[in-house]
Amino acid sequence: DFQYKISEVIRNSVRPVLDKLQQARGIQSALLVTHDSQVTHATKPIDQIGVQANLMALIGASTDVMTAGDIDDTPTQIWIDAHKNTRIIIWRMAPERATLVVKVNKGRNHTKVEAAIEEALTMLRKVCMLMISLHQSVR
């Protein structure tokens, strides 16, 4: 039973990372989706079914575009200009089998926003790898 408690504690450690990311100037919201299409935490209320359906379709379409022709490449980032003031950034975290989705203001300092996202990605990668390791050891 201790395994399940520690697993929950590790999974819940995503929350402070995303909350800190949202506090960065220019970032409106963030969420982390695991490999099984579960939203582990969102900084604002979301429609989970809509997110799951649209995210998988976006990743599939971007993979098709990036791998078209002779290019053997898999996208790690998708930037979508959703509105004149809003951009959606989707980062695939391949070895960790997770996806970070961030909604940002376009007008903000791009380098500061990207630095805040990179800092969050570093922590999220560690948390996700812990979750994967723990899940494999429980089997």
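I count two residues as in contact when heavy atoms lie within 4.5 Å. The model I examined is a predicted one.

**Entry 1: Ile 117**

I began with the contacts of Ile 117, leaving aside residues up to four places away in sequence. Ile 117 touches Leu 21, Ile 27, Ile 89, Trp 91, Leu 100, Val 102 and Val 104. I then looked up the nonpolar cores. The largest has 25 residues, and Ile 117 is one of the four that touch the most other members, together with Leu 21, Leu 32 and Leu 100. I noted that H2, E1, E4, E5 and helix H4 (110-138) each supply at least two residues of this core. H4 gives the largest share, 10 residues. I also found a second, separate core of 8 residues, with Leu 55, Ile 59, Ile 78 and Ile 90 among them. As a general remark, nonpolar side chains tend to be buried together in soluble globular proteins.

**Entry 2: the sheet**

I traced an open sheet of 5 strands in the order E2-E1-E5-E4-E3, with antiparallel pairing. Strand E2 (39-42) and strand E3 (77-81) are the edge strands, each pairing on one side only. From one strand to the next, I recorded an average twist of 15°.

I then went through the pairs.

- Strand E1 (residues 27-34) pairs with E2 in the antiparallel sense over 3 bridges; there I found Leu 31 opposite Ala 42 in E2.
- E3 and E4 pair in the antiparallel sense over 5 bridges, and they form a hairpin with 4 residues between them. Ile 80 has Ile 88 in E4 as its bridge partner.
- E4 and E5 pair in the antiparallel sense over 8 bridges, with Ile 90 opposite Val 101 in E5. Their hairpin has 4 residues between the strands, and in it Arg 97 takes a positive phi near 55°.

**Entry 3: helix H2**

Which strands does H2 lie across? I found helix H2 (residues 14-23) across E1, E2 and strand E5 (98-105), running at about 155° to E1. I listed its buried residues as Val 14, Val 17, Leu 18, Leu 21 and Gln 22. Because they cover an arc of only 135° around the axis, these residues are on the same side of H2. On the face turned away from the buried side of H2, I noted the exposed residues Lys 20 and Gln 23. Leu 21, which is buried in H2, is also a residue that Ile 117 touches.

**Entry 4: strand E4 and Arg 87**

I next checked burial along strand E4 (residues 86-93). Of its 8 residues, 6 are buried, so E4 is largely enclosed by the rest of the structure. I looked more closely at Arg 87, which is found in strand E4. Is Arg 87 buried or exposed? I count Arg 87 as buried because its relative accessibility is 19%, and the cut-off for buried is under 20%.

What does the side chain of Arg 87 make a polar contact with? I found the side chain of Asp 81 as the partner, at 2.8 Å. Asp 81 also appears among the residues that Arg 87 touches, where I again left out those up to four places away in sequence. The full list reads Trp 79, Ile 80, Asp 81, Ala 82, Val 102, Lys 103, Val 104 and Lys 106. Val 102 and Val 104 are residues that I had already recorded as touched by Ile 117.

Note on methods
Residues numbered from 1 in each chain as written. Predicted model: local features only at pLDDT ≥ 70, side-chain atom pairs only at ≥ 80, totals over all residues. Heavy atoms only, no water. Pairing = 2+ DSSP bridges. Axes fitted to C-alpha atoms, helices over the stretch in contact; angles between N-to-C directions. Buried < 20%, exposed > 50% of the residue type's maximum accessible area, 1.4 Å probe, protein only. Arc of directions from axis to C-beta. Core = buried A, V, L, I, M, F, W, Y, C linked by side-chain atoms within 4.5 Å. Polar contact = N/O pair within 3.5 Å; in protein donor to acceptor, adjacent residues only side chain to side chain.
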